[in-house]
Amino acid sequence: MQSFVYDALPSRVVFGTGSLDKLLDEIRRLDTHRALVLSTPEQRTMGADIAARLGAYSAGVFDGAVMHVPAEVAAAARDEAQRLGADCCVAIGGGSTTGLAKAIALSSGLPILVIPTTYAGSEMTPIWGLTESGVKKTGRDLRVLPKTVIYDPALTLSLPVAMSVTSGINAIAHCVEALYARDANPIISLIAVEGIRVLAGSLPEIVKQPDQLEARSNALYGAWLGGVSLGSVGMALHHKLCHTLGGTFSLPHAETHTVVLPHAVAYNTSDAPTAMERIARALGARSAADGLYDLAASLGAPVSLQALGMTRDQLDRAADLAVQNAYYNPRPITRDGIRSLLEDAFDGRRPR
Ligand code: NAD
C-alpha cells in the first residue's frame, strides 16, 4: 500500500520551438514592466537579444553571471537592479545565470522569468546557492522559484556537444536520485522515469547530429522533467558527493555529475532495488549502474575524476568531507564505502 505526501510547485512553463516569441506576453502576464536581463559574459549576445525583444520593458543587461554565484557578484547584480528600477529579472543561460537571478530574488523578492539554455534544471527548483569566502551555501526558499520558464529548444542548438552530453547526464542524475528519495512519490517517480528515458534516447541523437531540432527538443523536455524531479523531492549521496567535489576541488559541475553517477548508483543498488529496476528499464540496460556508465562512455563523456583534474592524494580528504554531515541515503554511508567509490570514480573503472 502506498503512503506519500505530494506538494506541487507553482510555476508556469511555456515549451516549444519559437516560444521565445511569447516573451513579451509572459512579462506582461507577470504584471512587470522593467526587466533586468541576466547572462554570462559568454552569452552576452543572447542577453542583448532578449533586451531588444523586451524593448521598453527592458531595464538593462547585467552580463556578469559566473559559476556558483559568488556573493559579491550577487550583490553587484542586485544593486544594478535597484539602480535601474527593475521590477523583475529575466535570466537567459544555464544554472549559473539562473542561480544569479535566484540570489537577487532571495534578497529583493523580485520575480524571475528564466529562459534555460542548458539541461541543468535549476529553473524548476526553489533551491538557491551562494558562495561566500570560497564556501557554497545552499537553501530552499519559494521566493527564488521562477514564476515563468520559457523553454525554446532553438536556444540549445549552440550548446557544444560535450556540454550537451554532460548537462544531459546532470539532468538524468536528478531523475535517478528522485526515484530513491526518502520523500519519493508516484507522480515525481513517473516524471523521473520519463526524464531518464527521453534523455537516454535524445543525447545519442545530439552527438550524431547536434543541429537536429527534434533531438534538442526531446533533451530539453527531459531537462524540464529532471528539474521538476530535483525541485520536488530530496536528493541523496550522488548530489551530496558532487557538491563536495565541486566546491572543495573546483571540479566542473556537469562533468562531475557525469563521472560520479554510475558509482553512486552502484553504491545504492543493493538498498534501492525497485528504483534500480526502473532506471535500468528506462535506459534499456541490464543494470542501472552499467547502463549509466555505458551511456556516458558511448557519448564520449569523461568517465574518470582524474580526467577532470582531480589528483589521487585528494581522495582521502574528499572521503572525509563526504561523511562529515549526516543525510538521507538508501544505503548507510560509511567512510570505507565512499573511499572505494571515489577510487573507482577517480580511475574511471566500470562501477562495482
Ligand atoms: P553554466 O550555467 O555554468 O553554463 C556553462 C557555460 O555554458 C557558460 O559559459 C554558459 O554561458 C554557457 N552556455 C550555456 N548555455 C549555452 C548555449 N546554449 N550555447 C552556448 N553556451 C552556453 O552551467 P550549468 O551546468 O547549466 O549550471 C551549473 C551551475 O548551476 C552550478 O553552479 C550548479 O550548482 C547550478 N545548479 C543549481 C541548481 C539548483 O536547483 N539551484 C540545479 C542545477 C544546477
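## The shell around the ligand

By class, the residues that surround the ligand comprise 12 polar, 7 nonpolar and 3 charged residues. The model described here is a predicted one. The shell holds 22 residues, and among these Thr 40, Ser 96, Thr 118, Thr 125 and Met 163 come nearest to the ligand.

Two domains contribute to this shell. Domain 1 spans residues 12-156 and domain 2 spans residues 161-347, and each supplies at least three residues to the surroundings of the ligand. Among the structural elements, helix H4, which runs over residues 95-108, gives the most to the shell, with 3 residues.

## Polar side chains at the ligand

Which atoms of the ligand lie at short distances from polar side-chain atoms of Ser 96, Thr 117 and Ser 122? For Ser 96, an N or O atom of the side chain is 2.5 Å from an oxygen atom of the ligand. For Thr 117, a polar side-chain atom lies 2.7 Å from a nitrogen atom of the ligand. For Ser 122, a polar side-chain atom lies 3.5 Å from a nitrogen atom of the ligand.

How much of the accessible area of the ligand does the protein cover? On its own, the ligand has 860 Å² of accessible area, and the protein covers 84% of it.

## The six-stranded sheet

An open sheet is built from 6 strands that pair in parallel. Read across the sheet, the order of the strands is E1-E8-E5-E4-E2-E3. Strand E1 (residues 12-15) and strand E3 (residues 58-62) are the edge strands, as each of them pairs on one side only. From one strand to the next, the twist averages 15°.

The pairing at one edge can be followed in detail. Strand E1 pairs with strand E8, which covers residues 148-151, through 4 bridges in the parallel sense. Within this pairing, Arg 12 has Thr 148 of E8 as its bridge partner.

## The hairpin of E6 and E7

A further pair of strands has the antiparallel arrangement. Strand E6 (residues 127-132) and strand E7 (residues 135-140) run antiparallel and are joined by 6 bridges. In this pair, Lys 136 of E7 stands opposite Thr 131.

What do E6 and E7 form, and how many residues lie between them? The two strands form a hairpin, with 2 residues between them. One residue in the turn, Ser 133, has a positive phi of about 45°.

Methods. Residues are numbered from 1 along each chain as its sequence is written. This is a predicted model: local features need pLDDT of at least 70, side-chain atom pairs count only at pLDDT 80 or more; totals for chains, interfaces and linings use all residues. Side-chain values use heavy atoms; hydrogens and water are left out. A residue is near a molecule or strand if one of its heavy atoms lies within 4 Å of it. A polar contact is a pair of N or O atoms within 3.5 Å; within protein, one must be able to donate a hydrogen and the other to accept it, and residues adjacent in sequence count only if both atoms are side-chain atoms. Accessible areas come from the Shrake-Rupley method with a 1.4 Å probe; for residues, only the protein chains shown count as cover. Ala, Val, Leu, Ile, Met, Phe, Trp, Tyr, Cys and Pro count as nonpolar, Asp, Glu, Lys and Arg as charged, and the others, Gly among them, as polar. Domain bounds come from an automatic or database domain assignment. Two strands pair if DSSP finds at least two bridges between them. Axes are lines fitted to C-alpha atoms, for helices over the stretch in contact, and angles run from 0 to 180 degrees between N-to-C directions.
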